[in-house]
Amino acid sequence: MATKDSREQVTILANGSAASRTEGDKRKVITVPAENPRALYTGPLVVLTSRMSASASEIVAGALKDYHRAVIVGSDHTFGKGSVQELTLLPQDLGGMKVTTGLYFLPGGKSTQKMGVEANVRLPIWFILEDIGETELDYPLPVQAITSFRGVPGNATPLWKPLEQPMLAELAARSKARVAKNAKFAEIIKSNKEAAGKKGVIRLLDLRKDIEKEIGGKKKETPAELKKKARDQYDPFVKESVNVLLDMVTLGSSLRISNRIQ
């Protein structure tokens, strides 16, 4: 990960054994100790994201994607918050004020600002989330980029097998085929089309009918019922991300067997 402040100073966090150093006037590398290789998980990895994935979560997802370490599964892209804030206390105990001081950058050099992190395997999203993101806010900072720092000396050599594009394409194709046959995803897509047809206009009468149809004369839902309802809403996304992970395992096994035969 890296940050760039208002003075154009770029600070890079590297993982490895090389000493921290300054490269020119505008580029500083801070090295943190490498982890114990025996404590690291190097197997198949999937990260489930959505339009609500913002700031630290999308920075982690973006770093894993840039290093070809994990498959990003979810909506088209994450929230797109790439700005750095600092809390400044106001005098006379009047509270505090958050001040934007810079931007975060991913190892490939791109910032998550406005653009977010695109998913390798895309899943349908609810229409209500279409307007969620940094681009929908007032006066968002523009997109920026810096020189890639994936090859910065001091970054530890990857202990995992980097994901390759043919594998990602196959995972996306398999997921798309499953989603097309999934009843819950079909319901989400249908609801999205209906909402799009209304152009975002919500009619109170239609909303009341939908609520009455959903509750069917039942009493007010208990906290436990509401919690289960929320789990059920996310259930198809979680299950599909697990299916993608299983595909990674089976495809990886097939490739290893094929290489042995050759």
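L48, Y234, V238, V242 and L246 come together as a nonpolar patch on the surface, sharing about 440 Å² of accessible area. A patch here takes residues with over 30% relative accessible area and no salt bridge, joining like charges within 9 Å and nonpolar side chains (Val, Leu, Ile, Met, Phe, Trp, Tyr) within 5 Å. Areas come from the Shrake-Rupley method with a 1.4 Å probe, and for residues only the protein chains shown count as cover. Keep in mind that this is a predicted model: local features need pLDDT of at least 70, side-chain atom pairs count only at pLDDT 80 or more, and totals for chains, interfaces and linings use all residues. Residues are numbered from 1 along each chain as its sequence is written, and side-chain values use heavy atoms, with hydrogens and water left out.

**The patch up close**

- Helix 5 (residues 223-261) supplies the largest share of the nonpolar patch, 4 residues. Helices (H or I, at least four residues) and strands (E, at least two) are DSSP runs, numbered from the N terminus.
- L246 sits in helix 5, and its relative accessibility of 49% is why L246 counts as partly exposed. The cut-offs: buried means under 20% relative accessible area, exposed means over 50%, and partly exposed is in between (1.4 Å probe, protein chains only).

**The whole chain**

- The chain has 5 helices and 9 strands. Read from the N terminus, the order is β-β-β-β-β-α-β-β-β-β-α-α-α-α.
- Of the 262 residues in the chain, 29% are buried.
- The chain exposes about 17200 Å², and 58% of that comes from carbon and sulfur atoms.
- Take the contacts (heavy atoms within 4.5 Å) with a separation of 6 or more: 71% of them join residues 24 or more positions apart.

**How far to trust it**

- The average pLDDT of the chain is 85, and 85% of the residues score at least 70. pLDDT is the predictor's confidence in each residue, from 0 to 100.
- Residues 257-262 have pLDDT below 50, and this stretch makes 0 contacts in the model beyond near neighbours in sequence. Where pLDDT is low, the predicted coordinates should not be read in detail.

**Helix 1 and its cover**

- The buried residues in helix 1 (residues 56-66) are E58, I59, A61, G62 and D66. They sit on the same side of helix 1, because they cover an arc of only 165° around the axis. That arc is taken from the directions from the helix axis to the C-beta atoms.
- Strand 5 (46-49), strand 6 (71-74) and strand 8 (96-105) are among the elements covering those buried residues.
- H68 comes after helix 1 and has a positive phi, near 55°.

**Residues with far-off partners in sequence**

- T11 belongs to strand 2 (residues 10-15). T11 is buried, as its relative accessible area is 18%. Setting aside residues up to four places away in sequence, T11 touches M1, A2, T3, K28 and I30.
- N120 is in the loop between strand 8 and strand 9 (121-122). From C-alpha to C-alpha, N120 and Q165 are 9.7 Å apart in space, though they are 45 residues apart in sequence. Not counting neighbours within four places in sequence, N120 is in contact with K65, A70, V71, I72, L168 and A172.
- D76 is in the loop between strand 6 and strand 7 (83-89). The C-alpha atoms of D76 and G116 are 9.3 Å apart, with their positions 40 residues apart along the chain.

**Salt bridges**

- The structure holds 11 salt bridges, each one a side-chain nitrogen of Lys or Arg within 4 Å of a carboxyl oxygen of Asp or Glu.
- D76 pairs up with R51, their closest N and O atoms being 2.9 Å apart. This pair links distant parts of the chain, since R51 is in the loop between strand 5 and helix 1, 25 residues from D76. R51 is buried, with a relative accessible area of 5%.
- E8 bridges to K4, with 3.4 Å between the closest N and O atoms. E8 is partly exposed at 42% relative accessible area, whereas K4 is buried at 11%.
- D232 and K228 form another bridge, the closest N and O atoms being 3.0 Å apart. They are separated by about one helical turn, because they are 4 residues apart in helix 5.
- E170, R174, R178, E240 and D247 are linked in a salt-bridge network.
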